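Biologist: Before we discuss any details, could you put the model on the screen, so that we can go through its fold together?

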Amino acid sequence: MKKKIVIIGGGISGLTAGIFALRNGYDATILEKNSSVGGLCTGWNRKGWYIDGCIHWLTGTKEGYDTYKNWKTLGAFSSKEDLIFLPSWGSFEYKDKVVTFWCDLSRAEKEWIEISPIDKRHIKWFFKCVRKIASFENPVEAPIPLFRFRSYFSFVWKMIKTFPHYLMSTKMTCEGFASKFHSEAIKNALINVQPGDGNLYSMAFSYATVASGNGGIIKGGSKVMSLRMEDRFTSLGGKLKLNSPVKSIEVENKRVSKVVLESGEEVFGDYFISCCDSDYTCHTLLNGKYINKKLEKRFKDVEKYPCPSCCLLHFVVKDMPKVDIPFSFNVEPFSVAGRTINNLTIRDFSYDKDTYVKGNESILQVLLDQYSEHYAYWNQLYKNKEN
């Protein structure tokens with residue numbers, strides 16, 4: 001008899017857990033509260049148009065990398081023919097200057113120095129940092145503590161080469177690094193390229209991912225990727241229960257014995273994996289009985305640990321001139337949910353003509369940065385949407 005794994009949540013992590021469980025000889029059942037899989041990796045059809053709600057780029061699209069092999073195993077894409085690679089990570093306009101994060105790092109570095117020769121030393125350091133990060137492949141074969149000796153030695157050796165830049169960039173915010181520059185245009189780009197108070201390393205990592213070809217975009221959008229993974233899961237014999245929200249996780253003798261659905265149905269298994277929000281898992285499904293102290297600090301102190309988010313607005317635009325993706329520019333300050341916004345980012349989706357373009361019309365997205373503290377405003381607005 002095969003051992004049975006019950007997975008709560010049919011997002012990308014839940015589908016991944018299910019597919020690898022099946023490939024390793026287990027039975028797998030996914031319980032998904034919504035009417036379709038994907039979780040945050042999703043999109044919607046509105047008035048004949050597809051509106052994407054997730055992927056700006058997908059990490060793991062570089063051939064030869066283990067992440068690329070994993071995505072293919074999971075069915076996210078079949079080959080590079082299913083992917084789109086953009087020429088840049090985005091452009092940032094400030095007055096009469098445009099700072100572009102080209103995927104061609106030599107071109108980007110040269111343009112930045114032309115914009116501000118006085119900042120040459122800091123520009124060269126930044127692009128050296130990006131190149132170092134781009135050359136390092138994050139291991140996915142196992143958690144680092146479970147590495148075999150040879151894998152661990154290889155990981156450490158590669159890490160040593162990037163460690164000085166890693167250490168310096170993790171101890172510096174984007175805003176702090178921007179303050180070193182004389183050019184207001186470059187300062188503006190560095191501050192606005194990544195929302196929130198994240199460190200410089202996380203920004204440089206994202207840029208390096210896209211620039212190295214490891215951050216392509218799925219043709220057809222996020223929903224297509226999720227549905228492909230659903231097909232892979234069910235084709236391997238996985239069981240998928242949609243519209244099945246879980247009410248509680250029941251524990252007996254320090255082991256999970258079953259999960260109870262809101263419908264009252266009980267689902268039993270040998271092993272259980274929660275692939276939904278950790279706060280919801282700890283406080284609701286487990287009734288607050290099994291708390292992780294490190295996570296709890298982040299759950300409670302939202303001021304110290306704010307969660308960056310955004311509001312996405314989508315428009316159908318006629319005769320839209322092609323712009324770099326995304327394109328950010330300064331605007332007259334205005335307030336949304338109590339937060340003052342003086343910079344807008346737009347994304348032109350015409351790079352995927354089969355999905356987002358009809359004749360001379362295409363989809364344009366406007367992104368407004370928001371944080372967890374603004375959730376109450378949007379939640380109340382949603383409740384009163386009829387008004």
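Modeller: Two strands are said to pair if DSSP finds at least two bridges between them. Please keep in mind that this is a predicted model.

Biologist: Over how many bridges do β5 and β9 pair, and in which sense?

Modeller: Strand β9 covers residues 215-218, and one of the contacts with β5 joins Leu58 to its bridge partner Gly216. Since the pairing rule asks for at least two bridges, the pair qualifies, with an antiparallel sense and a count of two bridges.

Biologist: Why is one side of β5 and of β6 left without a neighbour in the sheet?

Modeller: The open sheet has three strands in the order β5-β9-β6, paired antiparallel. In that arrangement β5 (58-59) and β6 (83-84) each have one side free because they stand at the edges, each with a single partner strand.

Biologist: What radius of gyration does the protein have, and what would a compact globule have?

Modeller: The C-alpha atoms fill a box of roughly 70 × 60 × 45 Å along the principal axes. For 387 residues, a compact globule would have a radius of gyration near 21 Å, which agrees with the value for the protein, namely 23 Å.

Biologist: What percentage of the residues is buried?

Modeller: Burial here requires under 20% relative accessible area. The protein as a whole exposes about 21700 Å², of which carbon and sulfur atoms supply 53%. Among the 387 residues, the buried share is 42%.

Definitions and conventions:
Residues are numbered from 1 along each chain as its sequence is written. This is a predicted model: local features need pLDDT of at least 70, side-chain atom pairs count only at pLDDT 80 or more; totals for chains, interfaces and linings use all residues. Side-chain values use heavy atoms; hydrogens and water are left out. The radius of gyration is taken over C-alpha atoms; the globule rule is 2.2 Å times the number of residues to the power 0.38. Buried means under 20% relative accessible area, exposed over 50%, partly exposed in between (1.4 Å probe, protein chains only). Accessible areas come from the Shrake-Rupley method with a 1.4 Å probe; for residues, only the protein chains shown count as cover. Helices (H or I, at least four residues) and strands (E, at least two) are DSSP runs, numbered from the N terminus.
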